[in-house]
Amino acid sequence: MPADLNEKVTRYEDMLKRALKKAKYAPIPESHMYAVAVDYYTMAEAYYKDGIYFLEHGDPVNALASFSYGHAWLDAGAKLGVFSVDDETLFTI
């Protein structure tokens, strides 16, 4: 049975929102890797905002893509070690 688009959009929005709250910068402030963490987090936030915009304008497909891409930035950052995370349901750790 195919997934319901609206349910999936809601689930991915929630997942990204929770991941944004849990991802904490791991590198030493002022270091190059700290700047990488800031960039990754900024991208994730931007994709979250884009997803909200698409939802408000009746475009759930692009909203889902935005939430997915945003989460991918955080997940990649966690794997790289620029975020300190402890939730195996939100991150591949």
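Tutor: Buried means under 20% relative accessible area, exposed means over 50%, and partly exposed lies in between. Keep in mind that this model is predicted.

Student: Is arginine 18 buried, exposed or partly exposed?
Tutor: The relative accessibility of arginine 18 is 35%. Buried needs under 20%, and exposed needs over 50%. Arginine 18 therefore counts as partly exposed.

Student: Which residue does arginine 18 meet in a salt bridge?
Tutor: The partner lies in helix H1, four residues apart from arginine 18, so about one helical turn separates the two. The partner has a relative accessible area of 37%, which makes it partly exposed. The N to O distance is 3.0 Å, and the partner is aspartate 14.

Student: How many salt bridges does the structure hold?
Tutor: One of them joins arginine 18 and aspartate 14. Another joins lysine 22 and aspartate 87. The count for the structure is three.

Student: How far apart are the closest N and O atoms of arginine 11 and glutamate 7?
Tutor: Both residues sit in helix H1, four residues apart, so they are separated by about one helical turn. Arginine 11 is partly exposed at 40%, and glutamate 7 is partly exposed at 37%. A salt bridge needs the nitrogen within 4 Å of the oxygen. This pair forms one, with its closest N and O atoms apart by 2.8 Å.

Student: How many residues apart in sequence are the parts that lysine 22 and aspartate 87 tie together?
Tutor: Their side chains meet in a salt bridge, 3.2 Å from N to O. Lysine 22 lies in helix H1 and aspartate 87 in the segment after E2, so the pair ties together parts whose separation in sequence is 65 residues.

Student: Is aspartate 87 buried or exposed?
Tutor: Lysine 22, its salt-bridge partner, is partly exposed at 37%. Aspartate 87 has a relative accessible area of 12%. The cut-off is under 20%, so aspartate 87 is buried.

Student: What span should helix H2 have at 1.5 Å a residue?
Tutor: H2 covers residues 32-56, which makes 25 residues. The expected span is 1.5 Å times one less than the number of residues. The end C-alpha atoms of H2 agree with the expected value, which is 36 Å.

Student: Which elements cover the buried residues of H2?
Tutor: The buried residues in H2 are Val36, Ala37, Tyr41, Ala44, Tyr48 and Gly51. What covers them includes two strands, E1 (24-25) and E2 (83-84), and two helices, H1 (5-22) and H3 (60-80).

Student: Which elements give two or more residues to the largest nonpolar core?
Tutor: That core has 21 residues. Leu20, Ala23, Leu74, Phe83 and Phe91 have the most contacts inside it. The elements that give two or more residues are H1, H2 and H3.

Student: Which residues of the aromatic cluster go with Tyr25, Tyr34 and Tyr41?
Tutor: Start from phenylalanine 83, which touches Tyr25 and Tyr41, among others. Its contacts also include Trp73, Leu74 and Gly77. Tyr25, Tyr34 and Tyr41 form one aromatic cluster with Phe83.

Student: What is the angle between the planes of tyrosine 25 and tyrosine 41?
Tutor: By the ring-pair rule there are eight aromatic pairs. Tyrosine 25 and tyrosine 41 form one of them, at 5.9 Å centre to centre. Tyrosine 25 is in strand E1 and tyrosine 41 in helix H2, so the pair ties together parts 16 residues apart in sequence. The pair is edge-to-face, with an angle between the planes of 80°.

Student: Why do the rings of tyrosine 40 and tryptophan 73 make the kind of pair they do?
Tutor: The ring centres are 5.0 Å apart. Planes over 60 degrees apart count as edge-to-face. Here the planes are at 85°, so the pair is edge-to-face.

Student: Which backbone oxygen lies 2.7 Å from a polar atom of the side chain of histidine 71?
Tutor: Histidine 71 lies in helix H3 and counts as buried because its relative accessibility is 10%. Beyond four places in sequence, it contacts Met15, Leu16 and Ala19, among others. The backbone oxygen at 2.7 Å belongs to leucine 90.

Technical notes:
Residues numbered from 1 in each chain as written. Predicted model: local features only at pLDDT ≥ 70, side-chain atom pairs only at ≥ 80, totals over all residues. Heavy atoms only, no water. Buried < 20%, exposed > 50% of the residue type's maximum accessible area, 1.4 Å probe, protein only. Contact = heavy atoms within 4.5 Å. Core = buried A, V, L, I, M, F, W, Y, C linked by side-chain atoms within 4.5 Å. Polar contact = N/O pair within 3.5 Å; in protein donor to acceptor, adjacent residues only side chain to side chain. Phe/Tyr/Trp six-rings, centres within 6.5 Å; stacked < 30°, edge-to-face > 60°.
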